[in-house]
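Visitor: I have a structure open on my screen and would like to go through it with you. Could we begin with the charged groups and the rings?

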Amino acid sequence: QVQLVESGGGLVQAGGSLRLSCAASLRTFDRNAMGWFRQAPGKERELLATIGWNGRTTFYSASVKGRFTISRDNAKNTVYLQMNSLKPEDTAVYYCAAGRRLWGVASTTESDFGSWGQGTQVTVSS
């Protein structure tokens, strides 16, 4: 079984920063791409950032590129999302997910991911 647990969300003022973590109980973690997604009120789920199995490839959506950074520590089975210069429109539930295939690169396709976590709430006040 696969279990992903997000943490690090909270309330932050606009312009502030948060660092999200996703701990993965996944035996093949170091061979799977990982991704961060979010869903804001009234919005569809949005792919934010992905990272390949060995951390050498990354992808960012236009909405977060330059502000957010995805990284991973395969020794700790953990993927991170550093979020800087937060805006009220970043308010959402943030989810991590594992890539479906081994040796995955930084996919741009949501369907390449599965085994979703339960999410962590990020609220950015204006």
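Guide: Certainly. This is a predicted model. In it, the charged end of Arg-45 sits over the ring of Trp-116, at 3.9 Å from the ring centre.

Visitor: And which ring does Arg-72 lie over?

Guide: Arg-72 lies over the face of Phe-29, 4.4 Å from the centre of that ring.

Visitor: Back to the rings themselves. How many aromatic pairs are there?

Guide: The count comes to three aromatic pairs. One of them joins Phe-37 and Trp-116 in an edge-to-face arrangement, with 4.5 Å from centre to centre and 65 degrees between the planes.

Visitor: Where in the chain do Phe-37 and Trp-116 lie?

Guide: Phe-37 belongs to strand β4 (residues 32-39), whereas Trp-116 is in the loop between β10 (113-114) and β11 (120-125). The pair therefore links distant parts of the chain, 79 residues apart.

Visitor: Is Phe-37 buried or exposed?

Guide: Phe-37 is buried, because its relative accessibility is 0% and the cut-off for buried is under 20%. Trp-116 has 26% relative accessibility, so Trp-116 counts as partly exposed.

Visitor: Which residues form a cluster with Trp-116?

Guide: Phe-37 and Phe-113 join Trp-116 in one aromatic cluster.

Visitor: Why is the pair of Trp-53 and Trp-103 called edge-to-face?

Guide: The planes of Trp-53 and Trp-103 stand at 90 degrees, so the pair is edge-to-face; angles over 60 degrees count as such. The ring centres are 4.8 Å apart.

Visitor: What does that pair tie together?

Guide: Trp-53 lies in the loop between β5 (46-51) and β6 (58-60), and Trp-103 lies in the loop between β9 (92-102) and β10, so the pair ties together parts that are 50 residues apart in sequence. Trp-53 is partly exposed at 27% relative accessible area, and Trp-103 is partly exposed at 49% relative accessibility.

Visitor: New topic: strand β3. Which of its side chains are buried?

Guide: In β3 (residues 18-25), Leu-18, Leu-20, Cys-22 and Ala-24 point to one face and are buried. Arg-19, Ser-21, Ala-23 and Ser-25 point to the other face and are not buried.

Visitor: Why the alternation?

Guide: In a regular strand, side chains alternate between the two faces of the sheet.

Visitor: What does β3 pair with?

Guide: Strand β1 (residues 3-7) pairs with β3 in the antiparallel sense over five bridges, and Leu-4 stands opposite Ala-24. Six bridges join β3 to strand β8 (residues 78-83), also antiparallel. There, Gln-82 is the bridge partner of Arg-19.

How values were computed: Residues are numbered from 1 along each chain as its sequence is written. This is a predicted model: local features need pLDDT of at least 70, side-chain atom pairs count only at pLDDT 80 or more; totals for chains, interfaces and linings use all residues. Side-chain values use heavy atoms; hydrogens and water are left out. Rings of Phe, Tyr and Trp (its six-membered ring) pair if their centres lie within 6.5 Å; planes under 30 degrees apart count as stacked, over 60 as edge-to-face and the rest as tilted. Helices (H or I, at least four residues) and strands (E, at least two) are DSSP runs, numbered from the N terminus. Buried means under 20% relative accessible area, exposed over 50%, partly exposed in between (1.4 Å probe, protein chains only). A charge sits over a ring if NZ of Lys or CZ of Arg is within 6 Å of the ring centre and within 35 degrees of the ring normal. Two strands pair if DSSP finds at least two bridges between them.
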